[in-house]
Amino acid sequence: MFGVCFPTDNSPLSTFGLTKRDKPHSTNTSRKGSMKNLTIGDVTITSIIERDGPWRRPEDMFPAYDAEIARRHLAEFDPEVFDPASGKMVITYQTYVVRTSKHTILIDTCTGEDKGYPPPMDFPKRPWLDGFKAAGLRFEDIDYVFCTHLHIDHCGWNTVLRNGRWTPTFPKAKYIFHKGEYSAWEESTKRGETRAGGGGNVWRYNCEPVVEAGQALLVADDYQLDDTFWLMPTPGHSPCHCCVNIRSHGQQAIVIGDLMHHALQCREPDWSTIFDWDPAQAARSRRKFLTETAGTGKFILPIHFPHPTRGLIEADGERFRYKFVR
Ligand SMILES: [Zn+2]
């Protein structure tokens, strides 16, 4: 989740902490900005973009922000990740499409359509639908949907409004939710809490109808779909946030969800966001992941990193670097 908080009851959604200038560049979602296909072994991975462009200022996003430290890091970053004119980080919202010889799988489903979310989360639906079509897909082609976590921008296309009811978008798909993540948002919703990113209508519209339709698999930390896909718990940003590992013929890619929102968090792994459920735990998960992944050659697929998106982690003492694979 990146950029909005909202109430958990049925009242009209509202944002706070955002200005008009934070409105997304809704026309800036051209296909040319999409990640190139990544092939590992027998698996092909591509992305469908919902929106991209400058989004938030790092000083608004990271409570531990330090201007001098950030200035140093930003000066050495790839130009794609920061917009000096607005002082904002460049942030993409996307879904990964993973094709194997057996399955077509989506990982994370952006914000979706008809949800009634307030600006700036009212992204136009057309770019995602066009990208889905351009990938040669129909809704009935999807076999599985993984959600790294159940925030507003990761489970939106899980459902569509049909005859006044929220209905699973992909009629033949099983949706894989971590059972602890699902129950935490269910309980938070039923307590009437206001939490960043999830619960409330996000849970009611995007998650509960999938379970009620019998299309959800509520799984544990050690869930493995087959030899190709398995979960890796990385809690903190949300209660039971998970990365999705993808392996084929000795090569590996990892969809990291919101374990990181920006390359700044490779340089400063302790910089958690204002949207984290448990910022300290998010920082521990991030540092552990970066330590274990650096230098392994595993491809990293963050949801919110802009084109060219995919990258490798390199260690640099106590810090890390994100190296785009172009
Ligand atoms: Zn997110």
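This report describes the fold, the cores and some local backbone features of one chain.

**Model and overall make-up**

The structure is a predicted model. Mean pLDDT over the chain is 91. Of its residues, 90% reach 70 or more. The weak stretch is residues 1-31, where pLDDT stays under 50. For that stretch the model has 76 contacts beyond four places in sequence.

The chain has 326 residues, and 49% of them count as buried. Its secondary structure comprises eight helices and 18 strands. Sequence-distant contacts are well represented: among contacts between residues at least 6 apart in sequence, 69% join residues at least 24 apart.

**The seven-stranded sheet**

One open sheet holds seven strands. Their order is β1-β2-β6-β7-β8-β11-β12, and the pairing is mixed. Strands β1 (38-40) and β12 (216-219) stand at the edges. Each has a single partner strand, so one side of each is left without a neighbour in the sheet. Neighbouring strands of this sheet are turned by 25° against each other on average, with direction ignored.

Inside this order, β7 (residues 104-107) pairs with β8 (residues 144-146). The sense is parallel, over three bridges. I107 stands opposite F146 in β8. Helix α4 (residues 179-190) packs on the sheet. The helix touches β11 (174-178) and β12. Its direction makes about 75° with that of β11.

**The three-stranded sheet**

A further open sheet has three strands in the order β3-β5-β4, with antiparallel pairing. Here β3 (54-56) and β4 (82-83) are the edge strands, and each pairs on one side only. Strand β4 is joined to β5 (residues 88-90) by two bridges. Across this pair, F82 stands opposite M89 in β5.

**The β17-β18 hairpin**

Strands β17 (residues 311-316) and β18 (residues 319-324) run antiparallel, joined by six bridges. E314 in this pairing stands opposite R321 in β18. The two strands form a hairpin with two residues between them. G317 lies in the turn and has a positive phi of about 65°.

What separates E292 and A315 along the chain and in space? They are 23 residues apart along the chain, and their C-alpha atoms are separated by 9.8 Å. E292 belongs to helix α8 (residues 279-293). This glutamate is exposed, because 12 other C-beta atoms lie within 10 Å and a residue with 12 or fewer counts as exposed.

**Nonpolar cores**

The largest nonpolar core has 69 residues. Which of them have the most contacts inside it? They are V145, L150, V244 and L301. Take L301 as a case. Neighbours within four places in sequence left aside, L301 is in contact with I45, Y96, A253, I254, V255, I256, T309 and R310. A second core is separate and has five residues, including W55, M89, V90 and I91. M89 is also the residue that F82 faces in the β4-β5 pair.

**Backbone features in loops**

Two cis peptide bonds and two non-glycine residues with positive phi deserve a check by eye. They are listed here with their angles and places.

| Site | Feature | Place |
|---|---|---|
| P119-P120 | cis peptide bond, omega about 5° | P120: loop between β7 and α3 (126-134) |
| H307-P308 | cis peptide bond, omega about 10° | P308: loop between β16 (299-302) and β17 |
| D114 | positive phi, about 65° | loop between β7 and α3 |
| N163 | positive phi, about 50° | loop between β9 (159-162) and β10 (165-168) |

The loop between β7 and α3 holds D114 and also P120. Are D114 and N163 buried or exposed? D114 is exposed, because 12 other C-beta atoms lie within 10 Å. N163 is exposed too, with 5 other C-beta atoms within 10 Å.

Methods: Residues are numbered from 1 along each chain as its sequence is written. This is a predicted model: local features need pLDDT of at least 70, side-chain atom pairs count only at pLDDT 80 or more; totals for chains, interfaces and linings use all residues. Two strands pair if DSSP finds at least two bridges between them. Helices (H or I, at least four residues) and strands (E, at least two) are DSSP runs, numbered from the N terminus. Axes are lines fitted to C-alpha atoms, for helices over the stretch in contact, and angles run from 0 to 180 degrees between N-to-C directions. Two residues are in contact if their C-beta atoms, placed from the backbone, lie within 7 Å. A nonpolar core is a set of buried Ala, Val, Leu, Ile, Met, Phe, Trp, Tyr and Cys residues joined through C-beta atoms within 7 Å. A residue is buried if 20 or more other C-beta atoms lie within 10 Å of its own, exposed if 12 or fewer, and partly exposed in between; C-beta atoms are placed from the backbone. pLDDT is the predictor's confidence in each residue, from 0 to 100.
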